[in-house]
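Welcome! Have a look at the structure below, and then we will walk through some of its features together.

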Amino acid sequence: MASRLANKWVLITGASSGFGAAAARQFGAEGARLLLGARRMDRLEAVAAEARQAGAPEAHIHALDVSSTPSVNAFLAWSRERIAASAATPEAVALDVLINNAGGALGLEPIAEGRDEDWETMMQTNVLGILRMTRAALPLMVNNPGGSIINVGSLAGRVAYEGGAAYCGAKAAELQITKALRLELSGTGVRVSSVDPGLAETEFSLVRFKGDAAKAKKPYEGTFPLVADDIAEILVWVASRPPHVNIDEMLIKPTDQAAIHKIYRRKTV
Ligand code: NDP
Ligand code: 8X3
């Protein structure tokens, strides 16, 4: 049976690494057409090439900073042009899947030692980035029943931990934004989902610890974390349910992570 995602237009933010890059490759393997955004264009180019290799009939890239409204609006204007270039009719100019994935954490200091720049960046990317992207993409989606908006949240949005106040708060906001959008789009046929991973080994930790590789490795020591492909597989699955099925929320943790603070660690892996 042909994939439900074949020739569908899928927009992925934060496609230059981690979950977003893996999702580009996996949606590509389903025959989806891709619109990929992030700030690192060299990385995006490599990901787009891999996605084409995997089977994407089209994989386009454009610079995107989700913390900037002009950048988000320019990205969506470009997306509309890319879609229109191969649409047979004006009604066919539609986006099928929006994956709001760009984001991350900065720092692990308690609130008493928190830095304004870190807090502001986390709110800009994880919270306002989703709002901006969604607002800009909705005109391409609301006349397209069966479309999907999938926001990447986190276990951290459901359970707080020390040093995670701003990040946990940002991901808690993501979950509430997703729930509000689900209500707002009732009757349009557009699905809205939150996919919330636990511990996953990507560049997340390297970014959080600002390039300190030794610190970045620590959370994964002696345990088997999720990997980017695990989440990409879930994103593909959520987007490819039949149009009447909405996966509202999914919480995915490594088997070794029974709870946010309870991670099974072996002496050697
Ligand atoms: P990565 O650091 O590997 O990927 C983050 C992606 O976000 C990169 O492509 C980065 O691209 C992009 N990004 C960051 N800031 C911006 C911005 N301002 N504008 C556009 N793109 C941006 O980490 P993950 O793949 O792990 O993270 C993806 C999402 O998953 C994030 O929202 C993260 O919070 C969430 N998450 C991660 C978990 C984990 O343990 N790894 C667990 C749960 C959720 P570039 O720098 O090129 O702009
Ligand atoms: C990332 C997962 O637990 O490191 O969202 O905050 S955690």
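## A look inside the model

Let us begin with I99, which touches V10, L11, I12, T13, F27, I150, V152 and L235, leaving aside residues up to four places away in sequence; contact here means heavy atoms within 4.5 Å. This is a predicted model, where local features need pLDDT of at least 70, side-chain atom pairs count only at pLDDT 80 or more, and totals for chains, interfaces and linings use all residues. Residues are numbered from 1 along each chain as its sequence is written, chains are lettered from A and ligands numbered from 1 in the order in which they are written, and side-chain values use heavy atoms, without hydrogens and water.

I99 is also among the members of the largest nonpolar core, of 38 residues, that touch the most other members, together with I12, F27, L34, L36 and L235. Such a core is a set of buried Ala, Val, Leu, Ile, Met, Phe, Trp, Tyr and Cys residues joined through side-chain atoms within 4.5 Å. Buried means under 20% relative accessible area, exposed over 50%, and partly exposed in between (1.4 Å probe, protein chains only).

Now to ligand 2, where three side chains each place an N or O atom by a ligand oxygen. A polar contact is a pair of N or O atoms within 3.5 Å; within protein, one must be able to donate a hydrogen and the other to accept it, and residues adjacent in sequence count only if both atoms are side-chain atoms.

| Residue | Distance to an oxygen atom of ligand 2 |
|---|---|
| S154 | 2.5 Å |
| Y161 | 2.5 Å |
| Y167 | 2.6 Å |

The protein covers 86% of the 240 Å² of accessible area that ligand 2 has on its own (Shrake-Rupley method, 1.4 Å probe; for residues, only the protein chains shown count as cover).
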